[in-house]
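Work through the exercises below with the model open. Try each task before reading its solution.

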Amino acid sequence: MTIDPHASPLTVAARPELTGGRRVGVLLSHGFTGQPASIKPWGEHLAARGYAVSVPRLPGHGTSWQECNTTTWDDWYAELTRAFEALSRDNDAVVVGGLSMGGALTLRLAADHADRVSGLVLVNPAVASKRLDVKLLPVLKHLVPSFPGLANDIKKPGADEHGYDRTPLKAIHTLMRAWPPLVADLPKVTCPILYFRSSVDHVVDEASQPLITSTVSSRDVTVVPLTESYHVATLDNDAPQIFEDSAAFVARTTAE
């Protein structure tokens, strides 16, 4: 299977001389049908601050939507868990973050490893939807293999996340089946949260934000509206704010 050159993972070691002697890791996850290119600039910004950064390529991504249709939420979460364990072994503290489905995956990590996740950064995460066609996925996935793609919901001209032009239905159905158990476990999330939410998002509707912020047990939750970006905000006009605010958040939540 050919891998898109934009989909190569990013792995950068910590430079504790820039972070007060502590080794701090940051794990970032891209979204469904996206790939590392959508969040590498974010990771590179944090790496320049001295943080160890891991941006894995989730299985079935950066290849073809047909291959993605053979992968599941469990495959994506397993890869993210592997990257989390590697960062945890090599660093004193780890912050996790994600875009869209990546936000859901990192929420799962924060629920499953509440004692090991120092902070959580979410960018337009998805854990629910008001779309009626979601209820038809169990039938639709057997009738048609894909729908039109979700990629490149970006306000900034010329930006490209290099995502798929089709949405694989079997794969996305496994994502949506993972939502109810994740929502049930949101009270297990106790770490500080920095939540970025685009005012206009054509991919993730308004169902997720109130559900997440009202259900987690975290007492330190900051919601930052992004007024000049669409869904892929990490490549959009508000990306500099995401990068700067998250760097400050990592420093604050991992300080001794």
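This is a predicted model: local features need pLDDT of at least 70, side-chain atom pairs count only at pLDDT 80 or more, and totals for chains, interfaces and linings use all residues. Residues are numbered from 1 along each chain as its sequence is written, and side-chain values use heavy atoms, with hydrogens and water left out.

**Exercise 1. Which residues of α3 are buried, and what covers them?**

Step 1. Fix the terms. Buried means under 20% relative accessible area, exposed over 50%, and partly exposed in between (1.4 Å probe, protein chains only). Helices (H or I, at least four residues) and strands (E, at least two) are DSSP runs, numbered from the N terminus.

Step 2. List the residues. W73, W76, Y77, E79, L80, T81, A83, F84 and L87 are buried in α3.

Step 3. Find the cover. It includes β2 (24-29), β3 (52-55), α2, β4, α4 and α6. Contact here means heavy atoms within 4.5 Å.

**Exercise 2. Check the span of α3.**

Step 1. The expected span is 1.5 Å times one less than the number of residues.

Step 2. The 18 residues of α3 should therefore span 26 Å; the end C-alpha atoms are 26 Å apart, which agrees.

**Exercise 3. Describe the aromatic pair of W73 and Y77.**

Step 1. Apply the cut-offs. Rings of Phe, Tyr and Trp (its six-membered ring) pair if their centres lie within 6.5 Å; planes under 30 degrees apart count as stacked, over 60 as edge-to-face and the rest as tilted.

Step 2. The structure holds two aromatic pairs. In the one formed by W73 and Y77, the centres are 6.4 Å apart and the planes differ by 10°, so the pair is stacked.

Step 3. Place the pair. Both residues lie in α3, four residues apart, about one turn of the helix.

Step 4. Check burial. W73 has 7% relative accessibility, so W73 counts as buried. Y77 is buried too, at 14%.

**Exercise 4. Which element gives the most residues to the largest nonpolar core?**

Step 1. A nonpolar core is a set of buried Ala, Val, Leu, Ile, Met, Phe, Trp, Tyr and Cys residues joined through side-chain atoms within 4.5 Å.

Step 2. The largest has 46 residues; W73, W76, L107, L120 and V189 have the most contacts inside it.

Step 3. Elements that give two or more residues include α3 (73-90), α4 (101-112) and α6 (169-185). The most come from α6, with nine residues.

Step 4. Twelve of the 17 residues of α6 are buried, so this helix is largely enclosed by the rest of the structure.
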